[in-house]
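Q: I would like a close look at one part of this model, followed outward into its surroundings. Please keep it brisk.

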Amino acid sequence: MQLRDDVNRQAKLPTSEEESIAFVDDLCLRYRNWGRWGADDQRGTLNLITPEALIFAATLIQSGRVVSCGLPFDSDGPQSGGFGGRTNPVHWMLQDGGDIALGAQDNIALLRYTDDAVSMPLQCGTQWDALAHIFYRGKMYNGHGLERVTSAGATVNSIDQIADGVVGRGVLLDIPRHRGVRWLEAGESIDDVELAECAAAQGVEIRSGDIVLVRTGQIAQVRSTGSWGQYDSGPAPGLGTAAAHWFASNEIAALATDTWGAEVQPNDIPGVFQPLHLILLANAGMTIGEIFDLEGLSAACQGEGRYDFFFTAPPLPITGAVGSPINPLAIF
């Protein structure tokens, strides 16, 4: 098992709300990318996936193995309505076999069809947060104000602005495997030092423009109990505030985890909710993904003997949306 000095690492973090706010303010300004790719940019760190980076990513397709990292979108999903009223998808049929049998389509020669619909919060399952999702001191990425998100949706930094942007080299950092445990427990934090240690132990070199997936094993844990429990909004393992140093300094294009909010819950500094979202999403412009199913990918990486792969996870181009469901694919 990987030995870790949690006490000393935690001592580097602020211990009061006042200190926490100052700490987060400092990191927000230190890693801010507003204007880096122009005043009109709406892609943030996805700009780091250059044509050269994408061409390199394509060379990682070698065995042809494809792994989905998405949960099913159905009534058995993780949502209980506890976080902002998010519910699981509701799916219904507009035309089914019964309609056909009753003659509803007898006006059509030869052909018969089925059709359906779905109603769902866009962030109820495996999903990306748009850059319009989080505000820091009244501003979202690139300095846009609250007035840019109305009841009709976001007029800037919406999810459709990155419809062609989330594709490149994927890297899995398998923290439970690195620690020698089945999964991390709720409240266990992952910092910048451990991210670097895990990458080194896995023999994977981090490159500018990588899309990094961090496994905590929480999906495996809830499956072992047969119940989602508090998965959708409760205590969880995840990324600690100090992880911001690693993601920013390595020029990561996007990050995702297998928990509901990516960050450790409760957050590891007092008085500031979801500090990494403030630092990385709102200020660095880094797209964040949540509720990924990384169990199959963990097994595939072990089987393939490597932790990098071609990765594609385009959002649905929903105009003005601040998030999108996805079916991420890792291809070896």
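Which residue follows helix 7, and what is the sign of its phi?

A: This is a predicted model. The residue after helix 7 is Gly226. Its phi is positive, near 75°.

Start with the helix itself. Helix 7 spans residues 218-225. Its buried residues are Gln218, Ile219, Ala220, Gln221 and Val222. Strand 9 and helix 10 are among the elements that cover them.

Take helix 10 next. Helix 10 covers residues 295-304. Buried here are Glu295, Leu297, Ser298, Ala300 and Cys301. Gly305 comes just after helix 10, and its phi is positive, about 75°.

Cys301 raises the matter of disulfides. The structure holds 0 of them. Cys69 is in no disulfide; its nearest cysteine sulfur belongs to Cys301, 8.6 Å away. Why is there no bond from Cys301? The closest cysteine sulfur, in Cys69, is 8.6 Å from that of Cys301, so it is too far for a bond. The cut-off for a disulfide is 2.5 Å between sulfur atoms. Both cysteines can be placed by accessibility. Cys69 has 0% relative accessibility, so it counts as buried. Cys301 has a relative accessible area of 0%, so it is buried as well.

Now the other cover, strand 9. Strand 9 (211-215) gives two or more residues to the largest nonpolar core. That core has 40 residues. Leu173, Leu195, Leu239, Phe247 and Leu280 have the most contacts inside it. Besides strand 9, the elements giving two or more residues are helix 2 (17-30), strand 7 (167-174), helix 6 (192-202), helix 8 (243-249) and helix 9 (275-283). Helix 9 gives the most, with 6 residues. Leu280 is worth a stop. With neighbours within four places in sequence left aside, Leu280 is in contact with Ala244, Phe247, Leu255, Gly285 and Met286.

A second core is separate from this one and has 28 residues. Trp128, Leu172, Ala300 and Phe332 are among them. Ala300 leads back to helix 10, where it is one of the buried residues.

Next, the loop between strand 11 (254-257) and helix 9. Two backbone features sit there. Pro266 is in this loop, and the peptide bond from Gln265 to Pro266 is cis, with omega near -5°. Ala262 is in the loop between strand 11 and helix 9 too. Its phi is near 70°, a positive value in a residue other than glycine. Ala262 has a relative accessible area of 2%, so it is buried. Most residues other than glycine have a negative phi, and most peptide bonds are trans.

Arg137 offers another positive phi, near 50°, again in a residue other than glycine. Arg137 lies in the loop between strand 4 (127-129) and strand 5 (149-150). Is Arg137 buried or exposed? At 60% relative accessibility, Arg137 counts as exposed.

Asp40 belongs to another loop, between helix 2 and helix 3 (51-58). Its relative accessible area is 69%, so Asp40 is exposed. The C-alpha atoms of Asp40 and Asn142 are 8.0 Å apart, although 102 residues separate the two along the chain.

Last, the empty space. Rolling a probe the size of a water molecule over the atoms shows where such space is left. The structure holds 1 cavity of 30 Å³ or more. The largest cavity has a volume of about 30 Å³. Its lining is made up of Gln42, Asp129, Ala130, Leu131, Asn157, Ser158, Ile162 and Thr287. By class, that lining divides into 3 nonpolar, 4 polar and 1 charged.

Then there is the second largest pocket, with about 200 Å³ of space. Its lining has 14 residues, and those closest to its centre are His133, Ile134, Phe273, Gln274 and His277. The classes here are 6 nonpolar, 5 polar and 3 charged.

To return to the starting point: helix 7 ends ahead of Gly226, with its positive phi, and what covers the buried residues of helix 7 includes strand 9 and helix 10. Strand 9 gives residues to the largest core, while Ala300 of helix 10 is included in the second.

Conventions:
Residues numbered from 1 in each chain as written. Predicted model: local features only at pLDDT ≥ 70, side-chain atom pairs only at ≥ 80, totals over all residues. Heavy atoms only, no water. Core = buried A, V, L, I, M, F, W, Y, C linked by side-chain atoms within 4.5 Å. Buried < 20%, exposed > 50% of the residue type's maximum accessible area, 1.4 Å probe, protein only. Helix = DSSP H or I, 4+ residues; strand = E, 2+ residues; numbered from the N terminus. Contact = heavy atoms within 4.5 Å. 1 Å grid on protein atoms, 1.4 Å probe; cavity = no way out; pocket = protein on both sides within 12 Å on 5 of 7 lines; lining within 4 Å. Points joined across faces, edges and corners; volume = space filled by probe spheres on them. Nonpolar A, V, L, I, M, F, W, Y, C, P; charged D, E, K, R; others polar.
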